[in-house]
Structure formats: C-alpha cells, structure tokens
Amino acid sequence: MHAPAGEGSRMRTLVRSDDLDETREMISSAYSPYELRALSRPQDFSAWYAEGGFPGVTLSGLSYGTETLVAPEPLTTYLLVCQVHKGRVRVESPGREEQFVDTGDTYVLDPHRRFKVFWTAGSQMTTIRLPRDVVDRAAGEALGREEPVRARFALGGPVSAAAAESWSGISAAVHREVMAGGVAHDNPLIAAQLTQMTAATLMATHRLVPASEPVRYTGNVAHPAVRRAIQLIEERSDQPLTLSDLAAAARLSPRALQEAFQRYAGCTPLAYLREVRLDRAHRDLVAADADGPVTVAQIAYRWGFSNLGRFAHWYRKRYGHAPSVTLRS
C-alpha cells in the first residue's frame, strides 16, 4: 500500500503488512497493548506505521486499508494528539464521549481512560506523542499553579478557528523538525523548548474535560505533609479513612491539614479521597462484564461508598451519567 503523504527519510517504517496479528504485535510494542479488529472485509486488511522524532516528541504515521477498530489500553505515561489526513474516524470514550473526526481535524487521547477508535477504510492519520509529565507541567503553568496539574482532555478538537490555526502552526513545526532532521535531534535545549512549546500550545488550544469533573493534582506537591497524606490515600483508598487518619499520616493537626490541602491541592483531604475512590470505582465499572455477577453496589462498597444514593450523585456529577450506564456500556 502507499504510505500517507509526509513519509520521508526521517520517518522509519516499522509496519507494512497485511497480517493483522503481526500489526497488532508491532504497534502494541510502539504504543500500548491494544485490541485490533478488521470490521469488514478482513481479506482486505493492510496497515502502514512509521515513526520519527526527537527527545520529548514522537511523530507517527498510520493507515489501515479496511474498516478497523483500534482499542488501546490507557496510555498512562503519554498522550496522543491525532490528526486525520484522509478518511474519517469515530472515537469513543466508553460511557463518556463520542466524536466524529473528519479529514483535517484533530482529537486528543489523554492518558487516563480507555478509547475505541473506528477507522473507515483507507483512513490515514499522524499522531504527536507528548510525555504526560510535560503536559501536566504545562497545565499547572496555564492554570497558575506551582505544581503539575493532571490535564484531562475532551475529545473535541481546538476551541476555535484561531486556536486551530495556532495548533496547526506548532504541529507543522514539529513535522518539519522531524522530517528534515532538524537541530532538535542533536540539541537537547532546542528539543526541550520545542516539546514544552508544543505542550503549552496544546493546553491553550484544545478542550479540557468539563468543569464538573474536578482536576486532581499530580507530581511533586510542594507541601511534604500533603504528599504524605496523598500517599496514604493512594495506598489505602479501599479502606476506611478519616480526616484524623490522614492528619496522623501527615503529622499535622486536622485543621492544619485542611488548610494545607486547600492551598496546595485546591480541595479538602476528604474530597481528594472521594475523587480517588470515584476514579477507581469508575475503572472497575468499565472493566466489569455487564452480564457478570458484579453489581454497582458491590463496586461502590468496595471503594468505601456506603451510601449508594450519594455514590450515584457524585458519580453522575463527575461522569455525567449513572454508574449503571458505565456498567452496561
């Protein structure tokens, strides 16, 4: 098959195959483990994948010759900004969002949730891969915080036509740098500056998740007592924890811990605990078999929500629908 426009000497072809299993194995090693299925005419399946880059950024090109489903595991340590160059794709975040992306448009796969991407036959795409920690630092700076912020992106593209032009400009600069083998390949300072500029432009141009979903802070929280409390929350979120327990771990009084959390995390300790539990309950609901023995109540109780009405309220506020909808999806 013909590679998408833009393949050049600095983009190394890693896959050119009509073998679905071989393609799945190769691209899983390049990204993360993922499901790959030919949805129609499997005899026509073909794939092309190439990549290049410089320290901090990887540019990839990808195309499929037939209607295809791609469903990667959560990306965890990086995110992808995807641009469709030919054809059309439909992107789903199960139980959350759905977006149709046409030729010339972009969408973002953030590191924190699962996605399904349905490709029309012959679609072609490039992706810009950015490290999560770089984007989280850019998010913190954009929001006026001293610490990194977990950036959660909606599936919609740039927020305006002007934003789309700005993103197109930085994307073109990355493409040129990779394709031409520019100085960023050998100059760590230039590579770091271009990576940071790309992350900052992404933050300024693309949609974040709705304000109804609280943003939790990650990375090196400036206050050591808050770090100690967060460590306890992360390790024992499935166990009964009180404000006094968290304060004891933090080596502060409950009142002092409340004040430190408000200053350095933008929420109370118990609100932070609730968000961690909601996130883990959501993951369990997504992973559960809708026809299996697991119920919403069992998952809620597992993560410390003894009041199912309140659990449903907080879940709906964060995810926009009832937990039973996620379980059935």
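Guide: Two strands count as paired if DSSP finds at least two bridges between them. The model here is predicted, so local features need pLDDT of at least 70 and side-chain atom pairs count only at pLDDT 80 or more, while totals for chains, interfaces and linings use all residues. Residues are numbered from 1 along each chain as its sequence is written, and side-chain values use heavy atoms, with hydrogens and water left out.

Visitor: What makes β7 and β8 a pair?

Guide: DSSP has to find at least two bridges, and 6 bridges join strand β7 (residues 88-93) to β8. The two therefore pair, and they run antiparallel. Within β8, E97 stands opposite S93. A strand here is a DSSP run of E with at least two residues, a helix is a run of H or I with at least four, and both are numbered from the N terminus.

Visitor: Which other strand is joined to β7?

Guide: β10 is joined to β7 by 4 bridges, again antiparallel, with R90 opposite F118 in β10. β10 also pairs with β5 in the antiparallel sense, over 3 bridges. There, V70 stands opposite V117.

Visitor: In what order do these strands form a sheet?

Guide: The order is β2-β5-β10-β7-β8, an open sheet of 5 strands with antiparallel pairing.

Visitor: Why are β2 and β8 left without a neighbour on one side?

Guide: β2 (34-38) and β8 (97-102) stand at the edges with a single partner strand each, so one side of each has no neighbour in the sheet. From one strand to the next, the twist averages 15°.

Visitor: What is the order of the sheet that holds β3 and β4?

Guide: In that open sheet, 6 strands follow the order β1-β3-β4-β11-β6-β9 with antiparallel pairing. Its edges are β1 (12-17) and β9, each with a single partner strand, so each has one side without a neighbour in the sheet. Here the twist averages 20° from one strand to the next.

Visitor: How do you know that β3 and β4 pair?

Guide: 8 bridges join β3 (residues 47-54) to β4, so the requirement of at least two is met. One example is G52, whose bridge partner in β4 is L59. Helix α4 (residues 188-205) packs on this sheet and touches β3, β4, β6, β9 and β11, where contact means heavy atoms within 4.5 Å. The direction of α4 makes about 110° with that of β11.

Visitor: Why is α6 called roughly perpendicular to α7?

Guide: Helix α6 (residues 243-250) and helix α7 (residues 254-264) pack at about 80°, with their axes 9 Å apart. Angles from 65 to 115 degrees count as roughly perpendicular, so that name fits α6 and α7. In their contact, L243, L246, A247 and A250 meet P254, L257 and Q258. By class, it has 6 nonpolar, 1 polar and no charged residues.

Visitor: What makes α8 and α10 roughly perpendicular?

Guide: The angle between α8 (residues 269-287) and α10 (residues 308-319) is about 85°, and their axes are 11 Å apart. The angle falls in the roughly perpendicular range. Among the residues in contact are R274, E275 and H282 of α8, and W314 and R318 of α10. This contact has 7 nonpolar, 1 polar and 4 charged residues.

Visitor: How many cavities does the structure hold?

Guide: It holds 3 cavities of 30 Å³ or more; on a 1 Å grid, a cavity is a set of points where a 1.4 Å probe fits but cannot get out. About 200 Å³ of space lies in the largest cavity.

Visitor: Which residues lie nearest the centre of the largest cavity?

Guide: Y31, L62, V70, L80 and L109 do, out of 17 lining residues, which have an atom within 4 Å of a point. β4 (57-64), β5 (68-72), β6 (78-86), β9 (106-109), β10 (116-119) and β11 (124-131) each supply at least two residues of the lining.

Conventions: On a 1 Å grid over the protein atoms alone, a cavity is a set of points where a 1.4 Å probe fits but cannot get out, and a pocket is an open set with protein on both sides within 12 Å along at least five of seven lines; lining residues have an atom within 4 Å of a point. Grid points are joined across faces, edges and corners, and a volume is the space filled by probe spheres set on the points. Axes are lines fitted to C-alpha atoms, for helices over the stretch in contact, and angles run from 0 to 180 degrees between N-to-C directions. Angles under 35 degrees count as roughly parallel, over 145 as roughly antiparallel, 65 to 115 as roughly perpendicular and the rest as oblique. Ala, Val, Leu, Ile, Met, Phe, Trp, Tyr, Cys and Pro count as nonpolar, Asp, Glu, Lys and Arg as charged, and the others, Gly among them, as polar.
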